[in-house]
Every structure is written in structure tokens, then in C-alpha cells.
Number of protein chains: 2
Amino acid sequence: MTDVRKIYPRDRVVLREVGLRDGLQLVKTFPPTDAKRRWIRDEYAAGVRHFEVGSFLPAKTFPQFVDVREIVATVGSLPGGHGIALVLNERGANEALASGVAEIATVVSATEEHSRANANRSRESAIANVKRLCELRDASAHKPIVNAAISMALGCSIAGAVDPKEVIRLVEKCFEAGVDAVGIADTVGYAGPKAVGALTGAAVKIASGKPIIVHLHDTRGMGIANASAALDEGARVLDGSLGGLGGCPFAPGATGNVVVEDLVFLCESKGFATGIDIDRLIAVRSILRETMPNEPLYGGLARAGLPCGTAAKAA
Amino acid sequence: MTDVRKIYPRDRVVLREVGLRDGLQLVKTFPPTDAKRRWIRDEYAAGVRHFEVGSFLPAKTFPQFVDVREIVATVGSLPGGHGIALVLNERGANEALASGVAEIATVVSATEEHSRANANRSRESAIANVKRLCELRDASAHKPIVNAAISMALGCSIAGAVDPKEVIRLVEKCFEAGVDAVGIADTVGYAGPKAVGALTGAAVKIASGKPIIVHLHDTRGMGIANASAALDEGARVLDGSLGGLGGCPFAPGATGNVVVEDLVFLCESKGFATGIDIDRLIAVRSILRETMPNEPLYGGLARAGLPCGTAAKAA
């Protein structure tokens with residue numbers, strides 16, 4: 001059984017590259033398998049170790065994830081590389097287990113409205129699925145980490161405001177169901193740092209030392225401020241994507257995930273060593289520019305570069 | 001004599017629009033006087049009250065500020081409107097006093113290297129100028145507020161890292177010289193929220209209730225996170241510009257001041273009422289697009305809009 005604390009140590013920050021999954025979830029044009037491999041290898045060389053690699057979803061609807069098994073294998077071949085794949089049902093869970101991926105992620109909506117509209121099931125049924133996933137994990141040979149993310153945890157595109165108590169209840173339910181880690185996701189980028197900090201702190205408190213993964217979108221420019229608040233409240237695992245890949249076609253111009261290059265700068269400026277070389281990370285953007293020329297890329301560090309002079313080190 | 005606490009109350013947040021000065025400092029194309037007036041009037045209608053309107057600099061070198069007296073008068077004609085003008089020497093100070101502007105801002109570099117390279121004077125000499133400006137204020141009829149900003153306070157483009165103790169020493173010197181408010185400026189956007197919070201907290205502590213104005217640039221995407229940290233540490237006056245106007249031509253693509261629209265969202269999300277209507281504020285960007293079509297405009301709220309549903313209010 002994988003020791004979750006070897007993958008997500010308590011005493012350091014882990015930044016996860018989710019661009020290969022969340023970043024590609026809604027795009028029409030995506031990098032071919034070979035470019036995805038270069039993307040992973042080059043980010044690995046820059047110091048990234050955790051990659052959300054894709055989703056076990058019907059290949060007809062999501063051709064961008066048809067090579068998910070090969071990408072799982074690519075990350076698995078790198079010493080210390082940790083791959084994560086998303087599943088939404090039992091078929092996907094079984095395929096993910098068969099792929100040998102190190103971590104399986106699944107999702108529970110924070111609101112009943114979104115759960116029914118998006119996944120056509122109640123939240124109770126979603127929690128039952130989480131439990132089933134944990135049973136399948138327990139019965140598997142390699143016993144991957146299971147992580148359940150609470151989507152819309154900081155505001156819902158259907159229900160609007162979300163009661164943090166309700167989110168914490170779902171976090172508890174997921175841990176009871178047997179997950180190794182829980183994510184809290186500001187899926188549509190509704191929140192500010194006060195709400196993110198408060199929810200993170202409450203989740204960390206009930207997690208009994210298990211990882212709380214904070215997944216933020218920069219839709220309204222609050223992403224880095226929210227990440228800073230999450231770090232202040234004890235989160236040590238944050239998601240981000242290269243160039244902020246993952247914009248939502250339903251909100252034209254809205255950026256996607258928090259820019260991972262800027263997350264590195266934020267963490268280092270707060271005294272959290274990430275082990276990631278920002279300049280090498282920025283260089284990987286060229287792969288996205290070549291293979292997804294129409295996707296806008298974001299990020300302050302990529303625009304302006306590291307501060308010059310001694311401040312570069314001190315930052 | 002103007003009561004600084006009527007202009008900058010202790011118990012609420014003031015957001016200052018600095019786009020008409022800092023945002024235009026380095027541009028080649030700028031709005032004509034009439035468009036500047038519409039910019040101010042429309043932002044005033046959205047709820048903005050504090051405007052940095054221009055600089056008393058040689059009109060030959062800075063044609064964008066040749067109409068500064070008229071813009072001072074525009075802001076002065078609006079009930080509760082508060083105009084701020086920048087001066088760098090005694091000639092400018094006298095011109096500013098004659099203009100009747102409500103607040104005069106001046107600058108002291110945080111580092112000796114930057115002071116000599118940028119202003120051709122020592123920091124000691126800059127402090128002497130601040131003192132002289134305060135004497136001129138005291139001798140004037142309307143006694144405007146005087147504010148001294150410490151530029152490069154969080155990292156210097158020449159000297160690199162800056163010792164916060166040195167900045168606090170300069171803040172003290174400025175208060176001793178007689179200023180009503182002190183600014184701390186991350187002029188080149190070098191800092192993260194930890195450094196901004198720590199310096200802000202230290203400055204607020206020694207300000208004896210006088211305003212500390214936090215002036216941030218979003219060069220590396222940390223602007224909103226830094227503003228959040230400054231608010232957490234007691235700052236109640238923050239600068240920003242519409243669309244983040246004020247990019248630096250020496251760092252291609254680098255954004256300028258923190259986007260004021262996003263600052264409003266941040267403040268409201270933290271429970272600080274700003275009195276500013278974000279949608280009306282966003283609408284003012286059209287004036288910039290028309291009159292400065294080549295200047296990129298930034299901002300998450302302008303891209304994505306306010307959250308839908310009840311979250312809009314809760315945010």
C-alpha cells in the first residue's frame with residue numbers, strides 16, 4: 001500500500017501539474033502523445049514530480065485522454081514521478097487500477113444542484129461511489145492513493161454561494177469512505193482569500209494529518225492570493241497548470257488553473273522550497289505554444305522573468 | 001488644514017486610482033484632456049473618490065501631464081473627489097500648491113543606488129526635499145496633504161534585495177519631516193505576500209495612526225496576493241489602476257499597477273466595503289480602449305465578470 005505521506009510529505013509544499021488533465025479537459029486541439037511526454041519529461045527535469053495525467057473517460061467524447069495509459073506509464077518511468085488519473089465511475093476506476101497509476105482522483109460536487117446537473121446523481125450516491133472506489137483500491141494489487149475532490153467547494157456555477165459547513169461535512173464523508181486525501185476546488189474561481197483560507201483551515205483541522213489538496217482557478221485573478229491564504233492555513237498540496245492552461249469556454253477569456261510558474265514564485269517567496277526551477281519550467285511553455293497555438297498562456301513570471309539582482313534569490 | 005483622517009478614514013478601505021499618473025508615466029499615446037475627464041467622472045460615478053491625476057514635471061518631456069491643472073480642477077469639482085499630484089522638486093511643489101490640489105505626493109528611493117541613479121541625489125537629500133515640501137505646505141493657504149512614497153521598498157531594480165529595516169528607517173524619517181502619510185511601493189513588482197505583509201505591518205506600527213499607502217505592481221502576478229497580505233497587516237489605503245495600466249516598457253509584457261477592478265473584488269470578498277460598483281468600473285475601460293488602443297488591459301473581473309448567482313453578493 002502506498003504511503004500517502006511519502007508522496008505528500010507534511011513538512012514541504014507539493015505543487016501538482018494538472019495541465020495534462022484539467023488543462024486539456026475542454027480544449028479542441030491538444031498535444032499528441034509524444035509532445036505530452038516531452039511536456040512531462042521537461043517539467044520533471046525542472047523539478048516537478050506530481051502530474052495529473054488524464055482521465056479514464058470515453059475516448060469518443062474525450063480524444064485528448066485516449067493515450068492516458070501511455071502517459072501513466074511515462075510518469076511511472078521517472079524516478080519519483082507520481083501520476084494521477086481522474087475517474088468518474090466504476091468502469092473508469094477499474095481501468096485506472098489496471099493502468100497501474102499511482103493515484104486515482106474522483107469528484108464529489110459540493111452542491112446537490114451541481115451534482116445532479118453535472119453528474120446526474122445525488123451527492124450521497126457520489127459518496128457511495130467514492131466508497132466503492134476505495135474498496136476496489138483495497139482489493140487491488142498496488143493499492144494506489146485515492147483522492148476525492150469536492151468541486152464547486154467555494155461557490156457553485158448553479159447554486160451560487162456554498163455553505164462551508166456543507167463542504168466540511170462532505171470532506172468528512174470522503175475520509176469516512178476511506179480516501180487517502182481530499183481536495184477542495186474553487187472550480188469556477190468564485191472565491192477570495194478569506195473564504196479559501198477559512199475553508200482550508202477547517203479542512204486541514206479534520207483531516208488528521210492526511211493531505212488536503214487545494215485546487216484553484218484564476219478566473220477572477222484571485223488564484224495566487226487564494227493559494228497564499230491556503231498555505232497560511234496549512235495546505236501543503238496545491239494544483240496548478242503550466243501557463244494557466246484550462247480556461248473555460250463558457251466564460252470567454254477566463255483563465256484556467258492557477259499558473260504553476262507563479263505558484264512556484266509564491267511558495268519560494270514565502271519560504272517554502274518547491275525544488276522547481278522557474279526558468280526551466282517557463283521554457284516548457286514552448287511545447288504548449290507549438291502544439292496548442294490558439295490557447296492563451298498566462299503568468300507573471302513568464303512575462304516579466306525573475307527579479308534581477310540579489311532579489312532573485314531573496315524572492 | 002486638511003484632516004488626513006477625513007480623506008483616509010481608519011475604519012474603511014480606500015482604493016486610489018493612479019492610472020492617470022502612474023498609468024500614463026511611460027506611455028507614448030495618452031487620452032486627451034476630455035477623455036481623462038470622462039475617465040474620472042465615470043469612475044467617480046462607479047464610486048471611486050481618490051485619483052492620482054498627474055505630475056508637475058516638465059511638459060516637454062511629459063506631454064501627458066501638460067493638462068494636470070485642469071485635471072486637478074476636474075477632480076476638485078466633484079463632491080468628495082480627492083486629487084493627488086506628484087512632484088519631484090521645489091518648482092513642482094510650488095506649482096502643485098498653486099494648483100490647489102488636495103494632496104501632493106513625492107518620492108524617496110529605498111536604496112542609495114536607485115536614489116542616485118534615478119533622481120541624481122542621495123536619500124538624505126531626498127528627505128530634505130520632503131521636509132522642504134512640508135514647510136511649503138505649512139506656509140500655504142489650503143495646506144494640502146503631503147505624502148511621501150518609498151519607491152523600490154520591496155526590491156530594487158538596481159540594488160536587488162532591500163533591507164526592510166532600512167525602509168522603516170526612511171518611513172520614520174518622512175514622518176519626522178512632517179508628512180501626513182507614507183507610501184510603500186513595490187515599484188518593480190519583486191515581492192511576495194510574506195515580505196509585503198511584514199513591511200506593511202511594521203510601517204503601520206510606527207505610523208501612529210497616520211495612513212500607510214500600499215502601492216503595488218502586478219509585474220509577476222503577485223499583486224492581488226500582496227494587496228491581501230497588506231490588508232491583513234492593517235493597510236487601509238491601496239493604489240491600483242484601471243485595467244492595470246502602467247506596464248513597464250523595460251520589461252516587455254510586464255503588467256503595471258494592480259488592477260483596481262480586481263482590488264475591489266478582493267476587498268469586498270474580505271469584508272471591506274469599498275463603495276465601488278465593479279460592473280460600472282469595468283465599463284470605464286472602454287475609454288482606455290478608445291484612446292490608448294495599443295495598451296494591453298488586464299484584470300480577472302473584466303475577463304470573467306462577477307460570479308453568477310448568490311455568490312456575486314457573497315463574494
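Two residues are in contact if their C-beta atoms, placed from the backbone, lie within 7 Å. The structure used in these exercises is a predicted model.

**Exercise 1. The surroundings of Ile150(A)**

Task: Find which residues, leaving aside neighbours within four places in sequence, are in contact with Ile150(A), and state which nonpolar core Ile150(A) belongs to.

Solution: Begin by setting aside the neighbours within four places in sequence, and the contacts of Ile150(A) that are left are Val108(A), Ala110(A), Val167(A), Leu170(A), Val171(A), Val182(A), Gly183(A), Ile184(A) and Ala185(A). Next, look at the largest nonpolar core, which has 205 residues, and in which Ala85(A), Ile150(A), Ala85(B) and Ile150(B) are those with the most contacts inside it. In soluble globular proteins, nonpolar side chains tend to be buried together.

**Exercise 2. Strand 1 and its partners**

Task: Describe how the residues of strand 1 of chain A point, and work out which strands pair with strand 1, including strand 8 and strand 2.

Solution: In strand 1 (residues 14-17) of chain A, Val14(A) and Arg16(A) point one way, while Leu15(A) and Glu17(A) point the other way, and all are buried. In a regular strand the side chains alternate between the two faces of the sheet. Turning to the partners, strand 1 of chain A pairs with strand 8 (residues 237-240) of chain A in the parallel sense over 4 bridges, and Val237(A) is there the bridge partner of Val14(A). With strand 2 (residues 50-55) of chain A, the pairing of strand 1 is also parallel, over 2 bridges, and here His50(A) is the bridge partner of Arg16(A). Between strand 1 and strand 2 of chain A the chain passes through helix 2 (residues 33-46), and this β-α-β crossover is right-handed.

**Exercise 3. The two chains together**

Task: State which rotation superposes chain A on chain B, and how many residues of each chain are in contact with the other.

Solution: A rotation of 180 degrees, with 0.0 Å of shift along its axis, superposes chain A on chain B with an RMSD of 0.0 Å. The two copies are therefore related as by a two-fold rotation axis. Of the residues of chain A, Ala225(A) comes closest to this axis, with its C-alpha at 1.8 Å. As for the interface, 41 residues of chain A are in contact with 41 residues of chain B, and the side of chain A that touches chain B has 20 nonpolar, 15 polar and 6 charged residues.

**Exercise 4. Glu90(A)**

Task: Decide whether Glu90(A) is buried or exposed.

Solution: Glu90(A) lies in helix 4 (residues 90-99) of chain A. Glu90(A) is exposed, because 12 other C-beta atoms lie within 10 Å, and a residue counts as exposed at 12 or fewer.

Technical notes. Residues numbered from 1 in each chain as written. Chains lettered and ligands numbered in written order. Predicted model: local features only at pLDDT ≥ 70, side-chain atom pairs only at ≥ 80, totals over all residues. Least-squares fit on C-alpha atoms with pLDDT ≥ 70 in both. Core = buried A, V, L, I, M, F, W, Y, C linked by C-beta atoms within 7 Å. Buried ≥ 20, exposed ≤ 12 C-beta atoms within 10 Å, placed from the backbone. Pairing = 2+ DSSP bridges. Right-handed = clockwise from strand over helix to strand, strands pointing away. Nonpolar A, V, L, I, M, F, W, Y, C, P; charged D, E, K, R; others polar.
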